[in-house]
Amino acid sequence: WRKQDEDLRILVRSYTGRMPPETVLSHRSAMIVHGLPVPYFDQGSHPFAEAVHPRNGVRHTPMLVRRRELADDDIVDLDGTPVTSMLRTLADVARDYPLAFSVAVLDAALRQGRVSERAITEYCEAHRPRTLRKRVETTLTLMDGRRESVAESICAVRFDEYALPGFEPQVEFFDEKGQFIARTDFANKKAKVIVEFDGEGKYHLMGNNPRAEMEKERRREYKLRNLGYAVFRIRWQDLFTADVFLRIRESMNSRVADFR
């Protein structure tokens, strides 16, 4: 995916200053120009640039051009290339991409302070597409700028898909003396279940000793379990399978029953 991401960025940059008349970069290509992350690529897919044109739609190897109407304020010039505006880009992504992908993109835009929830909601309501309206509405319902990574955004979508309600992002925990223990990626306080995304990279950040960081994380998790919480650790590959989410649901059901 990292290789595909860089290939796509190179391809998008190659169109700077040489776009055909009335063609505007959009979707993933516009995301890249605006500085938003590409959450993931479909396995086996090949990167291609994306654009919109008011009258013509065509697909060939390096580019997909969708036939779409554009208002004047839907177009901005960035680095010498016409690109869909931030709001138009987010609306297009919410319409044309899978839920996990689009929620991750909208979350990133919110997290970076590029738009507000109100602004993107009002834009989408004022520019309702003829098709896939439900997908856009669901994306708007699930977006949340408190999530701190693409992985956390995708995880939140999986909670919705597997009927796992009640998980709040970035929940802080304190011991009986009021001393800070941890801030968790997700916590369901009713079911007393915590979900953490276990990205291996965090153990190597800032030149830290990975072994010492892992021991610190182990002690942190031990304190959370002492508070009566079940702790699930999710890896990137777990986000695309059902197993861990089914185990979380089983744990939630049994723990809620125990606390009744």
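Okay, let's start with one pair: Arg128 and Glu137, whose side chains meet in a salt bridge, 3.5 Å from N to O. Keep in mind that this is a predicted model. So, buried or exposed, or something in between: where does Arg128 fall? Arg128 has 44% relative accessibility, so it counts as partly exposed. Its partner Glu137 is partly exposed too, with a relative accessible area of 36%.

Next pair. Glu217 and Arg233 also form a salt bridge, and here the closest N and O atoms are 2.8 Å apart. Which parts of the chain does this pair link? Glu217 sits in helix H8, residues 210–226, and Arg233 sits in strand E10, residues 230–234, so we're looking at distant parts of the chain, 16 residues apart. Now check the surroundings: Glu217 is at 14% relative accessibility, and because buried means under 20%, Glu217 counts as buried. Arg233, at 23%, is partly exposed.

Now my third pair, Asp92 with Arg68. That's another salt bridge, with 3.8 Å between the closest N and O atoms. Asp92 is in helix H3, residues 86–96, while Arg68 is in the loop between strand E4 (63–67) and strand E5 (75–78), so this pair ties together parts that are 24 residues apart in sequence. And both Asp92 and Arg68 are buried.

Asp92 and Arg68 have company, by the way. They belong to a network of salt bridges that also links Arg28, Glu50, Arg66, Asp74, Arg88, Arg95 and Asp96. Try finding those on the model.

Last thing: how many salt bridges does the structure hold? The count is 27. Okay, that's me done!

Conventions: Residues numbered from 1 in each chain as written. Predicted model: local features only at pLDDT ≥ 70, side-chain atom pairs only at ≥ 80, totals over all residues. Heavy atoms only, no water. Salt bridge = Lys/Arg side-chain N within 4 Å of Asp/Glu carboxyl O. Helix = DSSP H or I, 4+ residues; strand = E, 2+ residues; numbered from the N terminus. Buried < 20%, exposed > 50% of the residue type's maximum accessible area, 1.4 Å probe, protein only.
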